[in-house]
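Colleague: Could you take me through one part of this protein slowly? I'd like a close look at the core, and I'm still new to the vocabulary.

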Amino acid sequence: MSEVAVAIETHTPVPAERLDQLARGLADDLRAVRGLRVGNAGSTAIGPGKSPQAWELGMLVVGGLFSATTMRTIAQIAIAYAERAKARSIRLRRGDVELVITGASRIDDPALVARLEQIFGAGAGAGAGTGVGAAAAPPAIEGNRAGEAGR
């Protein structure tokens, strides 16, 4: 089973208690998706990645079997939560592949969908057949209202 790190980023620094509150709210929303395990980040590495993930307050670990429907649902929840909580963004990361989602991201954006597939390992696995390796990982994609991502 895969695990993905999910971190909430705020516009301005907030007290640790507020960030923890935001993470709990997002965790509650994600737990509504059947088949997902959601917990607070508590270790220094995620999955079999090449480099350890530095944990931070406000970071969650989401695990489970990720189908295309589950990927899109997680993205929709992150988009809605970022907008509702007035967060700057929700960052999804698995190994060296990262996606930054804002409240303005569009779930139908082809670049967003492609990056979701890389992160959640749809099909044969994260990055399989895409030519994306640790050294060639593209930069994070941030959606915007015009629907142009990563430009």
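Modeller: Sure, let's start with the key term. A nonpolar core is a set of buried Ala, Val, Leu, Ile, Met, Phe, Trp, Tyr and Cys residues joined through side-chain atoms within 4.5 Å. Buried means under 20% relative accessible area, exposed means over 50%, and partly exposed is in between, using a 1.4 Å probe and protein chains only.

A word on what you're looking at: this is a predicted model, where local features need pLDDT of at least 70 and side-chain atom pairs count only at pLDDT 80 or more, while totals for chains, interfaces and linings use all residues. Residues are numbered from 1 along each chain as its sequence is written, and side-chain values use heavy atoms, with hydrogens and water left out.

Now the core itself. The largest one holds 35 residues, and I8, L26, I90, L92, L116 and F120 touch the most other members. At least two residues of this core come from each of β1 (2-9), α1 (16-30), β2 (36-40), β3 (59-64), α2 (68-84), β4 (89-94), β5 (97-101) and α3 (110-120). Those labels are DSSP runs numbered from the N terminus: helices are H or I with at least four residues, strands are E with at least two. The biggest giver is α2, with eight residues. In soluble globular proteins, nonpolar side chains tend to be buried together.

Zoom in on L116. Leaving out residues up to four places away in sequence, L116 touches M71, A75, L92, L99 and I107; a contact here means heavy atoms within 4.5 Å.

Next, follow α1. Its buried residues are L19, L22, A23, L26, A27 and L30. They sit on the same side of α1, because they cover an arc of only 140° around the axis, taking the directions from the helix axis to the C-beta atoms. Among the elements covering these buried residues are β1, β2, β3, α2 and β4.

Stepping back, 43% of the protein's 151 residues count as buried. Its elements run β-α-β-β-α-β-β-α from the N terminus on.

How far does the predictor trust all this? Its confidence in each residue is the pLDDT, from 0 to 100. The protein's mean is 75, with 70% of its residues at 70 or more. Confidence is highest in α1, at a mean of 93, and lowest in α3, at 87. Over residues 43-55 the pLDDT is below 50, and residues 123-151 are also below 50.

Methods: pLDDT is the predictor's confidence in each residue, from 0 to 100.
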